[in-house]
Amino acid sequence: MPELLSGDRMQYGTQYRTGVRRAALAMATVSAAALFMTACQPGDDGAGSGSSPSRPPAEPAASSGAPSAGTSTPPSGKASPGGAGSPSAPSTPAAAKACGVSDLEASMRQAEDRPDGTGTGAAVVRFTNTSAVPCTVQGHPTVAGAGNGSPDKNHPLAVTPSGAASKVLLAPGGKAWTKLTFVQVQGEADGYCESGSTPVTYPTLVVGLPGAGSHQVALDDGVLAECDDTVTVTAVSATEPS
């Protein structure tokens, strides 16, 4: 390399420093541009080039108000099976106790369908469960005339049973009926019996229900008149006879 003179050395040094500064400036400009472009890349959260894009947190699904799958909600106003409010009353005659004498109230009316004649002919006796629990009745009642309305002077009548007997379940307030059909008195005034016997009248009857005691009943419209001390009796039933 040829030796430079002092003037040439000064010129060369100035040019060399100027070139170095230009090169450094150019490199700084390129680095700044590169940083700017990197900062503008989509999804950059400032944590580096390998970070995931930022997303807003997912909103919770709106509640529909319906119970989740696998749950069971009882209908409104009804208790779940086995819970409070479940019915405890017997649902079949076999599950209920027999009615006692104090469980029943008896009444009597004249039947609409009765034999021709001037006597009572037929009567319907109704038994009502006045207790707070269900109970059952069954069978053909016994019938006796109460002389002068006194049960201790009862005069039993011969009973002819009619129909098959089965248990009748009476809920509290429930009713069962039996029909009594007598040998009818004929004629006017005191009347007569076709058999030749003398007609008999009773102000009250005593009706005995198997297992449920005896119950004294009377008609609202007169006394009972019959012949031959005989009565046909139906088994107690949940169906009211006419």
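Two strands pair if DSSP finds at least two bridges between them; strands are DSSP runs of E with at least two residues, helices are runs of H or I with at least four, and both are numbered from the N terminus.

Before you start: this is a predicted model, where local features need pLDDT of at least 70, side-chain atom pairs count only at pLDDT 80 or more, and totals for chains, interfaces and linings use all residues. Residues are numbered from 1 along each chain as its sequence is written, and side-chain values use heavy atoms, with hydrogens and water left out.

**Exercise 1. Find the bridge partner of A146 in β6, then work outwards to the sheet.**

Step 1. Go to A146 and look across to β6: the partner is N154.

Step 2. Now take the strands. β5 covers residues 142–146, and its pairing with β6 is antiparallel, with 3 bridges.

Step 3. Zoom out to the sheet. It's an open one of 4 strands, paired antiparallel, in the order β6-β5-β11-β12. At the edges sit β6 (154–156) and β12 (214–217), each pairing on one side only. From one strand to the next, the twist averages 30° (axes are lines fitted to C-alpha atoms, for helices over the stretch in contact, and angles run from 0 to 180 degrees between N-to-C directions).

**Exercise 2. Work out which parts of the chain each of the 2 disulfides ties together, and which hand each has.**

Step 1. Pick out the pairs, using cysteine sulfur atoms within 2.5 Å as the test for a disulfide. C99 and C135 pass with their sulfurs 2.0 Å apart, and C193 and C227 pass at 2.1 Å.

Step 2. Start with C99 and C135. C99 is in the loop between β1 (97–98) and β2 (104–110) while C135 is in strand β4, so this link ties together parts 36 residues apart in sequence. The S-S torsion is about 85°, which makes the disulfide right-handed.

Step 3. Turn to C193 and C227. Here C193 sits in the loop between β9 (175–183) and β10 (200–202) and C227 in β13 (residues 224–234), so the parts tied together are 34 residues apart in sequence. With -90° about the S-S bond, this link is left-handed.

Step 4. Check burial, with buried meaning under 20% relative accessible area, exposed over 50% and partly exposed in between (1.4 Å probe, protein chains only). C99 and C135 are both buried, and so are C193 and C227.

Step 5. Write down the pattern: with the bonded cysteines numbered in sequence order, the pairing is 1-2, 3-4.

**Exercise 3. Describe the surroundings of S131: is the residue buried or exposed, and what does its side chain touch?**

Step 1. Place the residue: S131 is in the loop between β3 (122–129) and β4 (135–137).

Step 2. Judge burial. S131 counts as buried because its relative accessibility is 17%.

Step 3. List polar contacts (N or O pairs within 3.5 Å; within protein, one atom must be able to donate a hydrogen and the other to accept it, and residues adjacent in sequence count only if both atoms are side-chain atoms). The side chains of S131 and N129 make one at 2.7 Å. A polar atom of the S131 side chain also lies 2.9 Å from the backbone oxygen of V133.

Step 4. Look further along the sequence, with contact meaning heavy atoms within 4.5 Å. Leaving aside neighbours within four places, S131 is in contact with D103 and P172.
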